[in-house]
Amino acid sequence: MRRLFFRVFLVLLTSLGPGIALAELVVVVNARNGVAAMTRNEVINVFFGRNRQFFNGVEAMPVDLDDAHPKRAQSYKLLVGKDVSEINAYWSRQVFTGRMQAPPRLASTEEVVKWVAANPGGIGFVELSRADARVRVVYELKR
């Protein structure tokens, strides 16, 4: 009986598609920031330090996840098609040349939500299920 249940479960799971196992990732900002939506290019420019302010003049304060967190790799793969080693190399060059510092890194998406909620210019990647009233979803990372 357990084998039958397991097989039915596997068939059902695989029929729902590959995206069912992956949480939907979104970019969130502080709920009081005033930014309602962002384009892909705006998100890229903020996370790579090219834009240091949002369009409304609020200083952008991106926050990132630790290298070991699987959502970090997924976020950058969806946003710019690059893996974590390429992102780390980019930030190493920026830091070495003195241009800018990499965003701070946190261990979990819950910590990202808390950090974004505590900073008016905060912006970060989280699972849609983690976004609450403290933050506003401004961009959805598409597969």
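Strand S1, which spans residues 25–30 of this predicted model, is largely enclosed by the rest of the structure, because six of its six residues are buried. Strand S1 is joined by five bridges to strand S5 (residues 122–127), and the two strands run antiparallel. Within this pairing, Val28 has Gly124 of S5 as its bridge partner, while Val29 stands opposite Ile123 in S5. Strand S1 is also joined by five bridges to strand S6 (residues 135–140), again in an antiparallel arrangement, and here the bridge partner of Asn30 is Val135 of S6.

These pairings belong to an open sheet of four strands, arranged in the order S2-S5-S1-S6, in which the pairing is mixed. The edges of the sheet are formed by strand S2 (61–62) and by S6, each of which pairs on one side only. Strand S2 is attached to S5 through two bridges, and these two strands pair in the parallel sense; the bridge partner of Pro62 in S5 is Ile123, a residue that Val29 of S1 also stands opposite.

Strand S5 is likewise mostly covered, with six of its six residues buried. In a regular strand the side chains alternate between the two faces of the sheet. For S5, the residues on one side are Gly122, Gly124 and Val126, and those on the other are Ile123, Phe125 and Glu127; as all of these are buried, both faces of the strand are covered.

Across the chain as a whole, the secondary structure comes to five helices and six strands, and these elements follow the pattern α-β-α-β-β-α-α-β-α-β-β when read along the sequence. Buried residues make up 38% of the 143 residues in the chain. Among the contacts with a separation of 6 or more, 67% are between residues that lie 24 or more positions apart.

The confidence of the prediction was considered next. The chain averages a pLDDT of 86, and 84% of the residues score at least 70. Over residues 2–21, however, pLDDT stays under 50, and for this stretch the model has two contacts beyond four places in sequence.

Empty space within and around the fold was then examined. Rolling a probe the size of a water molecule over the atoms shows where empty space is left. The structure holds one cavity of 30 Å³ or more, and the largest cavity has a volume of about 30 Å³. The lining of this largest cavity consists of Val63, Asp64, Leu65, Lys71, Arg72, Ser75, Val112, Gly124 and Phe125, and by class these comprise four nonpolar, two polar and three charged residues. Strand S3 (64–65), helix H3 (70–80) and strand S5 each supply at least two residues of the lining, and H3 gives the most, with three residues. Two of the lining residues, Gly124 and Phe125, have already been met as buried residues on opposite sides of S5.

The largest pocket has a volume of about 260 Å³. It is lined by 14 residues, of which the closest to its centre are Arg52, Ala60, Met61, Pro62 and Gln101. The lining of the largest pocket divides by class into nine nonpolar, three polar and two charged residues. Among the residues closest to the centre of the pocket is Pro62, which also takes part in the bridge between S2 and S5 through its partner Ile123.

A final set of results concerns Val84, which lies in helix H4 (residues 84–96). The relative accessible area of Val84 is 13%, and because this falls below the 20% limit, the residue is counted as buried. Leaving aside neighbours within four places in sequence, Val84 is in contact with Asp67, Arg72 and Ala73. Arg72 is 12 residues away from Val84 along the chain, and the C-alpha atoms of the two residues are separated by 7.4 Å. Arg72 is also one of the residues that line the largest cavity.

Methods: Residues are numbered from 1 along each chain as its sequence is written. This is a predicted model: local features need pLDDT of at least 70, side-chain atom pairs count only at pLDDT 80 or more; totals for chains, interfaces and linings use all residues. Side-chain values use heavy atoms; hydrogens and water are left out. On a 1 Å grid over the protein atoms alone, a cavity is a set of points where a 1.4 Å probe fits but cannot get out, and a pocket is an open set with protein on both sides within 12 Å along at least five of seven lines; lining residues have an atom within 4 Å of a point. Grid points are joined across faces, edges and corners, and a volume is the space filled by probe spheres set on the points. Ala, Val, Leu, Ile, Met, Phe, Trp, Tyr, Cys and Pro count as nonpolar, Asp, Glu, Lys and Arg as charged, and the others, Gly among them, as polar. pLDDT is the predictor's confidence in each residue, from 0 to 100. Contact means heavy atoms within 4.5 Å. Buried means under 20% relative accessible area, exposed over 50%, partly exposed in between (1.4 Å probe, protein chains only). Two strands pair if DSSP finds at least two bridges between them.
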